[in-house]
Amino acid sequence: MSTVPIEELHAVRDLALKAVSEANADGELEEVSRTYLGKKGQIRKHMRVLGQLSPEERPAFGKAVNDVSTEVEDALETRRKELHAIRRAAALTDPHFDPTLPGTRPASGTVHPLTLVDWRLDEIFRSMGFYVLDYPEIDTEYFNFEALNVPADHPARDMQDTFWINDEHLLRTHTSAGQVRAMKEFKPPFKAIFPGRVFRYEATDASHDHTFHQVEGLYVDREVSVANLIASMKTLLSEIFGREVEIRLRPGYFPFVEPGFELDISCLVCGGGGCSVCKQSGWVELLPCGLVHPNVLRAGGLDPTAWQGWAFGLGLSRLVMMRYQIDDIRHLLSGDIRFLRQFEGTGLE
Ligand code: FA5
């Protein structure tokens, strides 16, 4: 008498096919699949019988087990499709289903307002012949202070409270840290902007954050003028705002420029009437600037009797606040998605 359990295998197959045809949900089909085709399933376990068969019997029985597995798999797939079609037909005839309703919109990201304005600035300055450069956020004391005519123990270091990493390295407190890097990198004459994130160890309020963005501008040539500097900054502002905005220029002190200026913009959050952003003054400090100090040119390897330069350090975060009338700088880097959604579809032409 043959030891080949072929009848038993066929009986299991019949049970499996019956269970498939009676399943009325995907979950039930999964269960049938596990029971019969799983590793320890009813069909698979017949494979283990192979070892007890004679070498002549083995191939035919092995094939029979495979055929049954395929037959049950096919039946499962057919039933899955049937159930899907049944569900779909039921949904379409459901009187509550309205195929004219709009579908769910896929979630889409938005460009951060800082990025929008930064892109536009890049465009404006590129069109005026400026390079757009990128310098490190972690820099050395030398480039951030020393090379900018701010030696150790100079009181001007207190103007920018610093996050120190070690005795030599710091988180740059301003994008001016790139000035001497640029002078060493490019042969004059050249014009460049370098936008980026800067860091200061200071208390925050509506117009001050510990992490914010600036855009440095630097122009080195045989002869440069304050008139050209101011004209470039006016172009920048009218391009960003799409109109003339009210500005005022006053003397400003920075050890790396001489003479130095502060360019303020009439506060666009309150219209100049006074608010927490402008500290009730009606004006926002936005664009300090000046002619590059001879010591800085020297640090950049340039002879100050042969070369001149102008530089500005635009408060990009504040410019963005003015552009979009944002009443607290801390919204910008809060990561609050509700804040960012307000800029969906916004562009700067
Ligand atoms: C500087 O950082 C100089 N490096 C600017 C400069 C560059 C002067 C080149 C001359 C030549 P100041 O610390 O004022 O300067 O910062 C420049 C601008 O950054 C400010 O006008 C303001 O708009 C913005 N700013 C300064 N501190 C903060 C802060 N904590 N949060 C947000 N914006 C700030």
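**Exercise 1. Is Lys18 buried, partly exposed or exposed, and what is its relative accessible area?**

*Solution.* The model is predicted: local features need pLDDT of at least 70, side-chain atom pairs count only at pLDDT 80 or more, and totals for chains, interfaces and linings use all residues. Residues are numbered from 1 along each chain as its sequence is written, and side-chain values use heavy atoms, with hydrogens and water left out.

Step 1. Buried means under 20% relative accessible area, exposed over 50%, and partly exposed in between (1.4 Å probe, protein chains only).

Step 2. With a relative accessible area of 48%, Lys18 is partly exposed. Glu22, at 46%, is also partly exposed.

Step 3. The two side chains form a salt bridge, with N to O at 3.2 Å; the term denotes a side-chain nitrogen of Lys or Arg within 4 Å of a carboxyl oxygen of Asp or Glu. Side chains of opposite charge can pair when their charged atoms come close.

Step 4. Lys18 and Glu22 stand 4 residues apart in helix H1 (residues 6–22), and therefore about one helical turn separates them. Helices (H or I, at least four residues) and strands (E, at least two) are DSSP runs, numbered from the N terminus.

**Exercise 2. Describe the salt bridges of Glu137 and of Asp264.**

*Solution.*

Step 1. The structure holds 19 salt bridges. One of them joins Glu137 to Arg197 at 2.9 Å, N to O. Glu137 lies in the loop between strand S1 (131–132) and strand S2 (138–140) and Arg197 in strand S4 (residues 190–199), so the pair ties together parts that are 60 residues apart in sequence.

Step 2. Glu137 is partly exposed at 28% relative accessibility, and Arg197 is partly exposed at 34%.

Step 3. Asp264 pairs with Arg248, the closest N and O atoms being 2.9 Å apart. Asp264 belongs to strand S7 and Arg248 to strand S6, so this pair ties together parts that are 16 residues apart in sequence.

Step 4. Asp264 is buried at 1% relative accessibility, whereas Arg248 is partly exposed at 33%. Salt bridges that share partners join Arg248, Arg250, Asp264 and Glu285 into one network.

**Exercise 3. Determine the charge environment of Glu262.**

*Solution.*

Step 1. Glu262 lies in strand S7.

Step 2. Glu262 is buried yet has no salt bridge; Arg250, the nearest side chain of opposite charge, is 4.2 Å away. For this assignment Lys and Arg count as positive and Asp and Glu as negative, while His and the chain ends are not counted.

Step 3. Not counting residues up to four places away in sequence, Glu262 touches several residues, including Arg248, Arg250, Phe254, Glu285 and Pro288; contact means heavy atoms within 4.5 Å.

**Exercise 4. Characterise the largest pocket and the largest cavity.**

*Solution.*

Step 1. On a 1 Å grid over the protein atoms alone, a cavity is a set of points where a 1.4 Å probe fits but cannot get out, and a pocket is an open set with protein on both sides within 12 Å along at least five of seven lines; lining residues have an atom within 4 Å of a point. Grid points are joined across faces, edges and corners, and a volume is the space filled by probe spheres set on the points.

Step 2. The largest pocket has a volume of about 690 Å³. Its lining comprises 38 residues, of which Arg200, Gln214, Glu285, Pro288 and Arg318 are the closest to its centre.

Step 3. That lining has 15 nonpolar, 12 polar and 11 charged residues. Ala, Val, Leu, Ile, Met, Phe, Trp, Tyr, Cys and Pro count as nonpolar, Asp, Glu, Lys and Arg as charged, and the others, Gly among them, as polar.

Step 4. The whole structure contains 2 cavities of 30 Å³ or more. The largest cavity has a volume of about 60 Å³, and its lining has 7 nonpolar, 3 polar and no charged residues. Among its lining residues are Asn144, His174, Phe254 and Phe256.

**Exercise 5. How many of the 9 residues of H9 are buried?**

*Solution.*

Step 1. The count is 8 of the 9, so H9 is largely enclosed by the rest of the structure. Arg318 and Tyr324 are among these buried residues.

Step 2. The buried residues of H9 pack against helix H4 (113–127), S5, helix H7 (226–241), S7, S8 and S10.

Step 3. Just after H9, Gln325 takes a positive phi of about 50°.
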